[in-house]
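Trainee: I would like to test the labels on this model against their cut-offs. Can we go through them one by one?
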Amino acid sequence: MVVDVAEVVTELKATYTSGKTKSYEWRESQLKALIKMANDHEKEIIEALRSDLNKPEFEAFVHEISTVKSSCKLALKELRRWMSPEKAKTSSTTFPSSAEIVSEPLGVILIISTWNYPFLLSLDPVVGAIAAGNAVVLKPSEIAPATSLLLSKLLGEYMDSSAVKVVEGAVPETTALLEQNWDKIFYTGNGKVGRIVLAAAAKHLTPVILELGGKSPVVVDENINLEVATRRVIGGKWASNCGQTCVSPDYVITTKAFASKLIDALISELEKFYGNEPLKSLDLSRIVNSSHFNRLTKLMDDEKVFGKIVHGGQQDKTNLRIAPTILLDVPEDSMIMNEEIFGPLLPIITVDKIEDSINVIHAREKPLAAYLFTNDKKLMDEFVGSVSAGGLCINDTTLHLAESSLPFGGIGGSGMGSYHGKFSFDAFSHKKAVLRRSFAGDISARYPPYTTRKLQLLKALLNGSILGILRALFGW
Amino acid sequence: MALDMEGMMKELRGTYASGKPKSYEWRVSQLRALLKIADHHEKEIAEALRCDLNKPDHESFVYEIASMKSSCQLALKQLKGWMKPEKVKTSLTTFPSSGEIVSEPLGVTLVISAWNFPFLLSLDPVIGAIAAGNAVVLKPSEIAPATSAALSKLLGEYMDTSAVKVVEGAVPETTALLEQKWDKIFYTGNGKVGRIVLTAAAKHLTPVVLELGGKSPVVVDKNINLKVAARRIIGGKWGCNNGQACVSPDYLITTKDNASQLVDALKSELEAFYGKDPLKSEDLSRIVNSNHFNRLKNLLDDEKVSGKIVHGGQRDKTNLKIAPTIMLDVPGDSLAMNEEIFGPLLPILTVYKVEDSIDLINAREKPLAAYLFTNDKRLKEQFIRNVSAGGLVVNDTILHLAEHSLPFGGVGESGMGAYHGKFSFDAFSHKKAVLQRSFAGDIPARYPPYSPGKLKFLKALLNGDVVGLIRALIGW
């Protein structure tokens with residue numbers, strides 16, 4: 001291995017100790033550098049994403065580049081406010097006093113990114129780490145090598161490399177990184193590696209954020225604007241990196257009575273979006289590599305779902321492409337219903353009553369997202385009240401990620417911790433409690449020798465009982 | 001082991017799935033039951049604490065019972081507000097939409113308590129878990145067996161045992177508990193076991209709060225009210241379970257020319273508090289057990305410090321008592337300066353300039369608390385800005401724990417996560433993002449087939465560029 005990770009950490013710790021990254025000016029300069037980088041090299045970034053994923057330029061810009069710039073701009077706009085201590089109310093127990101919560105950086109952060117949005121999911125957490133005043137090491141995913149290389153080159157050029165570094169590599173490099181003593185680790189990926197990250201972090205008592213995934217369900221009710229609903233389902237699935245997105249609709253639940261209408265609407269919109277030969281459409285990402293291609297074809301070839309494909313199913317192994325595929329009424333114990341699909345296959349499960357869909361969702365691990373298309377307020381309220389997921393979106397898919405006032409993160413199997421907007425700043429900060437007192441007003445009842453009278457006074461004080469205080473003060 | 005762990009988990013999950021703990025009424029009933037326990041059994045609790053720690057009634061009441069009641073009362077008062085979803089501002093990107101953050105319980109939680117404030121540190125986290133709508137298992141510390149038994153009996157009588165359970169025991173029971181799948185684990189104790197808890201939690205992707213400890217320093221400047229400062233240091237040290245508290249002043253730092261004044265002030269107040277024969281004072285907790293007694297004895301007998309004792313040093317092995325002991329100018333590599341003392345020994349380090357104390361503190365692991373006594377505004381700001389600890393207090397000790405508006409938790413080796421006040425509710429909640437959209441206002445530019453016109457439109461929209469939007473809409 002070329003990089004000595006221990007040395008990298010030592011250098012970053014020294015930079016952090018110097019106090020440089022804590023200053024507003026430094027943070028501002030680094031955020032501005034990121035924006036400049038995204039602006040000056042937009043074409044190269046789009047090229048790298050096309051190389052790694054055959055990602056359409058449209059998606060590369062809207063989902064990745066624009067989002068990174070938007071995160072930077074928000075941080076720049078809000079940074080002074082985020083950095084200023086938050087005054088806290090004090091009570092009679094500590095009177096006279098003043099209190100505040102001071103946000104301070106944690107120190108040296110490790111960010112392990114992933115392959116499906118390799119630009120965004122590398123830099124969005126970095127934006128948070130920098131805004132909060134930390135030094136940071138970014139480990140991009142080796143499964144998106146063009147983007148990894150580009151990030152290494154560009155951050156090396158634009159950023160303060162005494163505090164912001166990129167370490168490329170695969171399992172050996174990641175393992176070496178995980179052995180170091182970080183002040184926080186931010187990991188995006190799957191639950192298997194998430195457990196490895198947690199176990200490594202445990203040795204150093206390092207806090208961790210895990211952005212994982214799950215099977216994000218979409219419940220589709222009747223009496224809705226079906227055209228808009230299907231467009232939004234397609235938008236969140238195939239138009240989002242061909243379903244290879246942590247919050248992509250994974251599977252659909254609808255009533256038996258409505259299923260065929262829904263399928264017809266999906267087929268109709270799919271044709272408008274991708275034409276008659278979707279394998280040839282330039283507007284679909286490919287499957288990232290042959291490993292995942294084989295994984296997905298296995299899901300389709302599972303004998304339990306054979307015969308359930310109602311649309312699509314075409315494959316192009318050479319170009320790693322699978323057409324948008326819909327399956328109807330797959331069995332609960334099929335492979336496709338027992339792992340996160342992360343691809344262009346959409347199973348539809350049918351239930352008798354739409355309310356039953358909530359039980360279907362509850363029987364499974366908590367997903368990263370859950371969606372509902374309905375105009376029925378009662379169903380909406382029940383869904384929001386009882387479906388536990390990282391986040392919910394009603395009458396759309398994936399869009400809650402674009403709302404920086406909403407925390408983005410999982411729960412249970414879908415992750416821990418969250419970010420976006422100010423939540424990113426908070427994710428990489430320590431909220432330090434500060435209480436200031438004066439020397440005046442020292443209550444001798446606090447101190448030994450303990451007496452019944454002192455205890456009475458304190459009881460009265462703690463109960464807020466003025467009468468009790470007076471009685472105790474004057475000696476009953 | 002008599003306890004059927006699997007059966008217990010099944011029961012708790014069943015209760016949680018039934019929805020009972022989620023209801024406001026259930027949470028209120030349980031919080032009121034806890035208050036009743038504290039009110040009706042104050043004598044029993046004080047007795048158990050005296051049995052386990054020889055804790056004076058005054059401290060049992062003020063530090064444990066009153067604190068616990070205060071937490072309950074605050075939760076009861078604020079619960080409706082805490083449970084309400086928090087509306088958030090939505091942006092142009094998702095217009096038209098409404099967003100909110102919904103607090104929901106995590107599920108079935110585990111609280112592992114400690115021995116030094118065995119009543120408070122068991123029930124304070126339980127209050128948070130219940131207020132947030134979870135089922136909870138409490139594992140009290142076996143090192144405080146009388147309190148453990150009392151908690152088991154009293155919670156068994158007063159609480160809804162289908163959702164709130166106490167599991168007593170030692171290492172085997174704790175290990176068995178840690179093998180289960182929890183939705184959150186809350187641990188109070190030391191870093192060694194903290195790592196074991198994190199490692200066990202990693203297997204299930206269980207998020208964890210760790211309330212650990214460290215060496216909480218006190219910096220004492222000149223030109224202060226030395227009498228009040230000395231009293232407050234003694235109050236936080238010997239007046240707080242005889243130094244066996246996670247936020248007790250561990251060691252002092254002062255200037256060489258201030259040291260003897262400080263020692264004299266401490267001696268004077270110590271005598272006022274505990275008399276000439278502190279081993280006989282009834283106002284001091286004992287050392288909890290012979291393990292810790294021997295550990296502390298070793299710190300005292302360390303040849304590096306034996307000549308440095310300037311006050312105290314007497315011990316009574318039979319009754320597990322050590323007198324308030326002050327050591328001056330102990331070497332940095334002595335045993336006493338290399339572990340959390342957690343007892344009645346107080347080393348004093350001296351520096352030339354008081355500002356040097358900040359470097360001394362920063363050279364060590366981040367403590368749970370750090371204290372400064374000064375009237376120098378510049379020193380205050382420098383300290384607050386540069387000393388990283390769980391929490392800071394200026395001109396007092398430990399009192400920040402009494403302030404509900406301040407989060408209580410550590411950073412680095414002193415822990416992760418926080419609680420107290422609303423932070424307790426948040427610690428046991430999932431903050432679920434919810435975005436609601438209407439079917440109206442669907443933008444075709446979102447969807448394939450992608451075109452330069454659509455991309456222009458979205459670029460303008462995302463840049464908030466109204467002119468660009470209009471140009472793109474009209475077709476440049």
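**Labels and their grounds**

Mentor: Start with what covers the buried residues of H6(B): the cover includes helix H2 (24-40), helix H3 (42-53), helix H5 (120-131), strand S4 (135-139) and strand S5 (164-166) of chain B. Keep in mind that this is a predicted model.

Trainee: Why are residues of H6(B) such as B:Leu151 called buried?

Mentor: The label needs under 20% relative accessible area. B:Thr147, B:Ser148, B:Ala150, B:Leu151, B:Leu154 and B:Leu155 are buried, so each falls under 20%.

Trainee: What puts them on the same side of H6(B)?

Mentor: Their arc around the axis is only 165 degrees, so they share one side of H6(B). The general rule: an α-helix has 3.6 residues a turn, so residues three or four places apart point the same way.

Trainee: How do you know that the span of helix H6 of chain B agrees with its 14 residues?

Mentor: Residues 145-158 at 1.5 Å a residue should span 20 Å. The end C-alpha atoms are 20 Å apart, so the two values agree.

Trainee: Now chain A. What share of its residues counts as buried?

Mentor: 61% of the 476 residues in chain A. The chain has 16 helices and 18 strands.

Trainee: How are the contacts of chain A spread along the sequence?

Mentor: Take contacts between residues at least 6 apart in sequence; 70% of them join residues at least 24 apart.

Trainee: What supplies the exposed area of chain A?

Mentor: Carbon and sulfur atoms supply 55% of about 17,800 Å².

Trainee: How many charged side chains of each sign does chain A have?

Mentor: 53 positive and 55 negative, with the centres of the two sets 9 Å apart.

Technical notes:
Residues are numbered from 1 along each chain as its sequence is written. Chains are lettered from A and ligands numbered from 1 in the order in which they are written. This is a predicted model: local features need pLDDT of at least 70, side-chain atom pairs count only at pLDDT 80 or more; totals for chains, interfaces and linings use all residues. Side-chain values use heavy atoms; hydrogens and water are left out. Helices (H or I, at least four residues) and strands (E, at least two) are DSSP runs, numbered from the N terminus. The expected span of a helix is 1.5 Å times one less than its number of residues. Buried means under 20% relative accessible area, exposed over 50%, partly exposed in between (1.4 Å probe, protein chains only). The arc is that of the directions from the helix axis to the C-beta atoms. Contact means heavy atoms within 4.5 Å. Accessible areas come from the Shrake-Rupley method with a 1.4 Å probe; for residues, only the protein chains shown count as cover. Lys and Arg count as positive and Asp and Glu as negative; His and the chain ends are not counted. The place of a charge is taken as NZ of Lys, CZ of Arg, CG of Asp or CD of Glu.
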